[in-house]
Amino acid sequence: MDTDGSLALRFLGVGNAQAVELGSAAVVLERDGAPLLMIDCGQEAFSAFLERYGHVPEALFVTHAHFDHIGGLERLFYRVYFDAERRGRVKLYVAADLVPILQQRVANYPSPLAEGGANFWDAFQLVPVDRGFWHGGCWFDVFAVRHHLPRTAFGIALRGSFLFTGDTRPIPELVAFHADGAELIAHDCGVQGNPSHTGLDDLMAAYSAETRARMIVYHYAKHSDRDVFAQAGLRVASAGDAFALAPPMDATQAATLAQHGGRVR
Ligand SMILES: [Zn+2]
């Protein structure tokens with residue numbers, strides 16, 4: 001497998017749960033312009049993925065089970081189940097702690113096909129993960145963030161390239177641990193914070209100017225919020241934007257660090 005291609009992080013949507021017009025917050029890791037991993041799959045994100053790439057995602061990571069992050073999975077089930085080429089082959093990487101919640105939220109609906117004969121997970125290759133996972137020749141770190149109850153929401157990082165927080169309060173200790181080099185940091189940020197999300201004041205207080213310089217903020221309420229972020233010196237994503245990424249750390253080294261809970265330096 002080609003693991004040397006150039007990487008980019010593309011935002012399918014940048015809105016909070018109410019800001020449907022901004023798209024559901026989600027990104028795609030692209031390698032040489034092709035989707036390698038979709039991160040979160042709300043309704044609008046799934047539509048945006050189909051529109052951009054013309055086919056369903058082949059691999060996904062889900063940060064948590066709010067519907068603006070998983071609402072597209074039922075549509076994905078129907079698309080994939082009736083596609084003999086893809087049925088059972090779409091990889092869905094999910095933190096093990098999140099599997100029971102995802103089961104309750106999307107997989108427990110009685111008989112996904114009216115005529116019976118199908119289980120929700122038949123469409124997917126469900127891969128429960130803990131510290132991280134291998135995909136496409138890369139090692140991705142996975143870590144619990146601060147959203148609602150402990151260990152119900154998870155961020156993801158590819159050392160050297162990017163860290164995506166998912167929905168969270170500030171997590172400076174995790175950014176320092178998983179992305180202390182040249183990584184781009186895609187961070188939850190609204191103009192106003194609340195007990196489950198980061199606000200502009202929180203972001204300014206929790207992170208150094210050097211760390212903020214590597215950030216792209218997303219998950220805001222309305223288009224005009226972008227001006228507020230720009231005035232604070234922050235880069236902000238719009239739906240459809242793609243950002244070139246630095247090459248990842250050697251995958252075996254990254255996986256070893258994850259196994260041992262180690263630091264880069
Ligand atoms: Zn959420």
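Arg151 counts as exposed, because 11 C-beta neighbours lie inside 10 Å of its own C-beta atom, and the cut-off for exposed is 12 or fewer. The model is predicted, and this residue is a good place to enter it. Arg151 sits in a loop, with β8 (138-144) on one side and β9 (154-158) on the other. Set aside the neighbours within four places in sequence, and Arg151 is in contact with Asp97 and Ala144. A further reference point is Thr256. Arg151 and Thr256 are 105 residues apart in sequence. In space their C-alpha atoms are 23 Å apart.

Now follow the chain from the loop into β9. Here the setting is buried. Five of the five residues of β9 are buried, so the strand is largely enclosed by the rest of the structure. The threshold behind that statement is 20 or more other C-beta atoms within 10 Å. Which residues cover the two faces of β9? Phe154, Ile156 and Leu158 lie on one side. Gly155 and Ala157 lie on the other. All of them are buried, and both faces of the strand are covered.

Next come the partners of β9. Take β8 to begin with. β8 and β9 run antiparallel, joined by four bridges. Within this pairing, Val142 has Ile156 of β9 as its bridge partner. Ile156 is also one of the buried residues on the face shared with Phe154 and Leu158.

Then turn to β10, residues 162-164. β9 and β10 are also antiparallel, with three bridges between them. Ala157 stands opposite Leu163 in β10. Ala157 belongs to the β9 face that also holds Gly155. The two strands form a hairpin with three residues between them. In that hairpin, Gly160 takes a positive phi near 95°.

Step back to the whole protein. The fold has nine helices and 14 strands. Its radius of gyration is 18 Å, close to the 18 Å that the globule rule gives for 265 residues, so the protein is as compact as a globular protein of that length. Along the principal axes, the C-alpha trace spans about 55 × 40 × 35 Å.

How much of the protein counts as buried? The share is 47% of the 265 residues. Contacts across the sequence complete the picture. Consider the contacts with a separation of 6 or more. Of these, 58% come from residues 24 or more positions apart.

Note on methods
Residues are numbered from 1 along each chain as its sequence is written. This is a predicted model: local features need pLDDT of at least 70, side-chain atom pairs count only at pLDDT 80 or more; totals for chains, interfaces and linings use all residues. The radius of gyration is taken over C-alpha atoms; the globule rule is 2.2 Å times the number of residues to the power 0.38. Two residues are in contact if their C-beta atoms, placed from the backbone, lie within 7 Å. Two strands pair if DSSP finds at least two bridges between them.
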